Amino acid sequence: MTTGRPHPRGNSAGSGRPHHRVIRKATLADLDQLVELERIGFTSDIFTRAQFRHYLTRGQGVVLLDSARGKARGMAVVMWRKGGKSCRLYDIVVRPGLRGRGLGGKLLDAAEAHARRQGCARLVLEVRRDNATAIRFYVERGYRRFDVIMDYYQDGADALRYVKDLA
């Protein structure tokens with residue numbers, strides 16, 4: 001998912017043309033693209049435009065955006081409480097046509113790096129019990145399951161809670 005640093009110039013999908021890809025903090029100027037990514041990534045429990053606006057301007061958190069040539073490729077949303085030792089990964093989305101290329105891992109790297117900079121010792125997340133791909137991804141990246149929340153999502157699906165120590 002993310003590293004939090006600009007990525008070097010490289011060739012875009014065989015075009016031979018260099019492009020600059022970066023993972024950065026999203027701004028209000030990115031609001032439309034964030035809402036679009038959210039709708040692409042999830043069918044329920046979707047962040048609203050107002051929630052994104054809050055996270056971008058007043059919330060104790062960050063929305064990280066992976067973009068190339070001004071086009072949003074993926075995002076991660078990380079929240080924390082002032083003085084808390086845990087950060088929470090609320091959201092991670094990669095455009096469907098770009099999945100399987102390591103973007104999710106780079107976004108997650110960036111989210112973890114940002115959490116460390118906030119002084120968080122661990123990153124916590126929830127994932128749908130029926131999302132085997134996401135579960136495998138998080139386990140491969142060092143997350144361990146520590147809880148189950150029954151009937152967590154709007155549609156009644158259960159959530160599995162995972163944590164990773166960042167120290």
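The following exercises concern salt bridges in a predicted model.

Local features require pLDDT of at least 70, side-chain atom pairs count only at pLDDT 80 or more, and totals for chains, interfaces and linings use all residues. Residues are numbered from 1 along each chain as its sequence is written, and side-chain values use heavy atoms, with hydrogens and water left out.

**Exercise 1.** State how many salt bridges a search of the whole structure finds, and classify the burial of Arg24 and Asp30.

Solution. A salt bridge is a side-chain nitrogen of Lys or Arg within 4 Å of a carboxyl oxygen of Asp or Glu. The search finds 11. One of them joins Arg24 to Asp30, with closest N and O atoms 2.7 Å apart. Burial follows relative accessible area: buried is under 20%, exposed over 50%, and partly exposed in between (1.4 Å probe, protein chains only). Arg24 has 29% and is therefore partly exposed; Asp30 has 6% and is therefore buried.

**Exercise 2.** Locate the salt bridge of Lys164 and Glu112 in the secondary structure.

Solution. The N to O distance of this pair is 3.3 Å. Lys164 lies in strand 9 (residues 159-165) and Glu112 in helix 3 (residues 103-117), 52 residues apart. Here helices (H or I, at least four residues) and strands (E, at least two) are DSSP runs, numbered from the N terminus. Both Lys164 and Glu112 are buried.

**Exercise 3.** Determine which parts the Glu126 and Arg161 pair ties together.

Solution. The two side chains form a salt bridge at 3.0 Å, N to O. Glu126 is in strand 7 (residues 122-128) and Arg161 in strand 9, so the pair ties together parts 35 residues apart in sequence. Glu126 is buried, at 15% relative accessible area. Salt bridges with shared partners join Arg88, Glu126 and Arg161 into one network.
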